[in-house]
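Please look through the model shown below with the two annotated sites in mind. The report that follows takes up their cysteines, then the cores, and then the chain with its confidence values.

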Amino acid sequence: MSSAHKIGALLFCPDCGTLLNLPDDGHSVVTCEQCNHEEPASSFDNIEVTTRSHPDAFPSPLRQKRKTQTKHHQEDHQGTLVAEKCPQCGHMQAFSKEMQLRSADEGSTIFYTCASCKHGWRINN
Ligand SMILES: [Zn+2]
Ligand SMILES: [Zn+2]
């Protein structure tokens with residue numbers, strides 16, 4: 001069996017040149033939609049690293065685990081992701097963290113960090 005052509009993070013059918021889909025979880029072969037050529041899923045193994053910039057295009061148990069860990073990490077260090085408009089770049093999501101810096105009867109201060117440009121600002125309750 002001839003092996004598929006690789007261009008960057010993409011695999012193309014060696015028989016007809018059609019872009020091959022990424023293998024579904026648990027499937028050992030990828031079938032070409034045009035000519036039914038069967039490409040072993042192992043051909044995709046060593047390109048997984050290069051697809052990191054498009055994580056949603058290659059769902060795998062490993063990557064989903066990594067995603068969960070990243071999210072947990074952000075909640076710990078940057079706060080909770082909320083719908084808040086960044087005054088600097090207009091991005092609609094920011095991390096919020098509430099802090100009781102002033103006396104209790106004056107309320108608390110919420111710190112926001114833009115999820116896009118990392119601009120930080122705060123709002124007094
Ligand atoms: Zn083909
Ligand atoms: Zn911003």
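C86 sits in the loop that runs between β5 (80–83) and β6 (93–99). In this predicted model, C86 counts as buried because 20 other C-beta atoms lie within 10 Å, and 20 is the number at which a residue begins to count as buried. Once residues up to four places away in sequence are set aside, C86 touches H91, A94, C114, S116, C117 and H119.

Two of those partners, C114 and C117, belong together with C86 and C89 to a "binding site" feature that comes from an unreviewed UniProt entry. These four cysteines span 32 residues in sequence, yet no two of their C-alpha atoms are more than 8.6 Å apart, so they gather at one spot. C117 is placed in the loop between β7 (109–114) and β8 (120–124), and with 13 other C-beta atoms within 10 Å it is partly exposed. Leaving aside neighbours within four places in sequence, C117 is in contact with C86, Q88, C89 and H91.

The unreviewed UniProt entry also carries a "binding site" annotation covering C13, C16, C32 and C35. Although these residues are spread over 23 residues of sequence, they cluster in space, with a largest C-alpha distance of 8.7 Å. C13 is found in the loop between β2 (10–12) and β3 (29–31), whereas C35 lies in the loop between β3 and β4 (38–40). Beyond residues up to four places away in sequence, C13 touches A4, T18, L20, C32, Q34, C35 and H37, while C35, counted in the same way, touches C13, D15 and C16.

The table sets out the burial of four of these cysteines.

| Residue | C-beta neighbours within 10 Å | Class |
|---|---|---|
| C13 | 22 C-beta neighbours | buried |
| C35 | 12 C-beta neighbours | exposed |
| C86 | 20 C-beta atoms | buried |
| C117 | 13 C-beta atoms | partly exposed |

Which residues make up the largest nonpolar core? It consists of seven residues in all, namely A4, L11, C13, L20, V30, C32 and F44, and two of these, C13 and C32, are also covered by the UniProt "binding site" annotation. F44 touches L11, L22 and P23, not counting residues up to four places away in sequence. A second, separate core has five residues, among them C86, F95, Y112 and C114, and here C86 and C114 are likewise positions of a UniProt "binding site" feature. As a general background, nonpolar side chains tend to be buried together in soluble globular proteins.

Turning to the whole protein chain, there are one helix and eight strands, which follow one another along the sequence in the pattern β-β-β-β-α-β-β-β-β. Of the 125 residues of the protein chain, 12% count as buried. Among the contacts in the protein chain with a separation of 6 or more, 25% are accounted for by residues 24 or more positions apart.

Confidence deserves attention before the model is used. The mean pLDDT of the protein chain is 78, and 68% of its residues reach 70 or more. Confidence is highest in β5, at a mean of 93, and lowest in helix α1 (residues 61–78), at a mean of 54. Where pLDDT is low, the predicted coordinates should not be read in detail.

Methods:
Residues numbered from 1 in each chain as written. Chains lettered and ligands numbered in written order. Predicted model: local features only at pLDDT ≥ 70, side-chain atom pairs only at ≥ 80, totals over all residues. UniProt positions renumbered as here; feature names shortened; annotations may be inferred. Helix = DSSP H or I, 4+ residues; strand = E, 2+ residues; numbered from the N terminus. Contact = placed C-beta atoms within 7 Å. Core = buried A, V, L, I, M, F, W, Y, C linked by C-beta atoms within 7 Å. pLDDT = per-residue confidence, 0-100.
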